[in-house]
Amino acid sequence: MARAGLPMSNRLFVGDCLDVLPRLKAGCARLIYLDPPFNTGARRRGRAGSYADAFGSPAGYVAYMRPRLEAMLRVLASDGSLFFHCDWRMSHHIRLLLDDLFGLSAPPRNQATRGVFVNEIIWHYGLGASKAGRRLLTKHDVIFWHARSPDYVFNLLREAPTPAMLDKYRHVDAQGNRYMNAYGKRYVMKGGKLLDDVWDIPAIAPTAGERVDYPTQKPLTLLTRIVELASNAGDVVLDPFCGSGTTLVAAAHLGRRWIGIDINPQAVEIARARLAGGR
């Protein structure tokens, strides 16, 4: 492993992020995305083996996450963002923890060091279990977006135009711009609607080419959106629970540098193979 404090990018590390993060240079990451265990109480199984996703209690989970998040904040740039991916089990506990760590749970001692809560993103994925028992079907995850300061990187994104928008802006000029005429004026379509905080992105289908049989693999489309939203070309994107490497693949595709950490050697090998193959 490289010497402490060195800037590192396009690197994969095997180990607990609590042990690896202190070796990275302070402020080196413009974007941190983490998809840690969810405390489901179940055993996760897949190509990279199996592990028990259980911490005994919400307090046990928070006690596990707090020092790791503190280590992440040290390597997060002053204009950087952190995206924490969780679900209904721990989301309310994690929101309180993040607010505390980013200085939002009490009046700040120093306003210049206070972080920002940006958004609670709802990822509505559609696919999944079809039996709900005596409750509604659970079809979404939660992603909390916090930033180190109000100067965080933000790239305005639009969704793809809907069929209704394409029908409304049905004319096309010589430059390929779609437009409509109304009341004697020409209105050019700027794109789809501005991105909001509810993202309808399907989960990975069983036959999808990107599937690598990793139990918690997330869609490349989801991670591509996050990387585009909160980083720029050349920035370092860090995933301290990188699993099958989807965050790193998205970063590589978009011209970002990346750092991945996972405690499971098999997961890291899957990520390495995906990066080598470009998928």
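## A walk through the predicted model

The second largest pocket has a volume of about 470 Å³. A total of 30 residues line this pocket, and those closest to its centre are Pro37, Tyr51, Tyr214, Phe241 and Asp262. Please keep in mind as you look around that this is a predicted model.

Let us stay with the pocket a little longer. What is the character of the residues in the lining of the second largest pocket? They divide into 15 nonpolar, ten polar and five charged residues. Three elements each supply at least two residues of this lining: strand E4 (49-53), helix H6 (246-253) and strand E13 (257-262). Of the elements, E4 gives the most, with three residues. Two of these contributors, H6 and E13, will come up again below.

Now turn to the sheets. Eight strands form an open sheet, and if you step across it you meet them in the order E1-E13-E12-E2-E5-E7-E6-E11, with mixed pairing. Strand E1 (11-14) and strand E11 (198-200) stand at the edges with a single partner strand each, so one side of each has no neighbour in the sheet. On average, and ignoring direction, neighbouring strands of this sheet are turned by 15 degrees against each other. As a reminder for reading such a picture, strands of a sheet pair through backbone hydrogen bonds, in either a parallel or an antiparallel way.

Strand E7 (residues 140-147) is a good place to pause. E7 runs antiparallel to strand E6 (residues 116-124), and eight bridges join the two. E7 also runs antiparallel to E5, here with six bridges. Which residue of E7 is the bridge partner of Phe117? That partner is His146. His146 is the bridge partner of Leu82 as well, so to speak a meeting point for Phe117 and Leu82. Next along E7, Ala147 is the bridge partner of Val116. E7 is mostly covered, with seven of its eight residues buried. Helix H3 (residues 91-101) lies across strand E5 (76-86), E6 and E7, and runs at about 5 degrees to E7.

Another helix lies across other strands of the sheet. H6 lies across E1, strand E2 (29-34), strand E12 (236-239) and E13, running at about 170 degrees to E13. Is H6 largely enclosed or largely open? Six of its eight residues are buried, so H6 is largely enclosed by the rest of the structure. The buried residues in H6 are Thr246, Thr247, Leu248, Val249, Ala250 and Ala251. What surrounds them is a mixture of strands and helices: they pack against E1, E2, H5, E12, E13 and helix H7 (265-277). H6 is followed by Gly255, which has a positive phi, near 75 degrees.

H5, one of the elements that the buried residues of H6 pack against, deserves a look of its own. In helix H5 (residues 220-230), eight of the eleven residues are buried, so this helix too is largely enclosed by the rest of the structure. Its buried residues are Leu220, Leu222, Leu223, Arg225, Ile226, Val227, Leu229 and Ala230. Notice that Arg225 is among them.

There is also an open sheet of three strands, in the order E8-E9-E10, with antiparallel pairing. Strand E8 (171-172) and E10 stand at the edges of this sheet, each with a single partner strand, so each has one side without a neighbour in the sheet. E8 and E9 pair over two bridges, and Val172 has Arg178 of E9 as its bridge partner.

Two loop residues complete the tour. Tyr183 lies in the loop between strand E9 (178-182) and strand E10 (185-188). Tyr183 has a positive phi of about 55 degrees, although it is not a glycine. Asn39 is not a glycine either, and has a positive phi of about 60 degrees. You will find Asn39 in the loop between E2 and strand E3 (42-46). Are these two residues buried or exposed? Asn39 has a relative accessible area of 12%, under the 20% limit, so it counts as buried. Tyr183, at 85% relative accessibility, is over the 50% limit and therefore counts as exposed.

Note on methods
Residues are numbered from 1 along each chain as its sequence is written. This is a predicted model: local features need pLDDT of at least 70, side-chain atom pairs count only at pLDDT 80 or more; totals for chains, interfaces and linings use all residues. Side-chain values use heavy atoms; hydrogens and water are left out. Buried means under 20% relative accessible area, exposed over 50%, partly exposed in between (1.4 Å probe, protein chains only). Helices (H or I, at least four residues) and strands (E, at least two) are DSSP runs, numbered from the N terminus. On a 1 Å grid over the protein atoms alone, a cavity is a set of points where a 1.4 Å probe fits but cannot get out, and a pocket is an open set with protein on both sides within 12 Å along at least five of seven lines; lining residues have an atom within 4 Å of a point. Grid points are joined across faces, edges and corners, and a volume is the space filled by probe spheres set on the points. Ala, Val, Leu, Ile, Met, Phe, Trp, Tyr, Cys and Pro count as nonpolar, Asp, Glu, Lys and Arg as charged, and the others, Gly among them, as polar. Two strands pair if DSSP finds at least two bridges between them. Axes are lines fitted to C-alpha atoms, for helices over the stretch in contact, and angles run from 0 to 180 degrees between N-to-C directions. Contact means heavy atoms within 4.5 Å.
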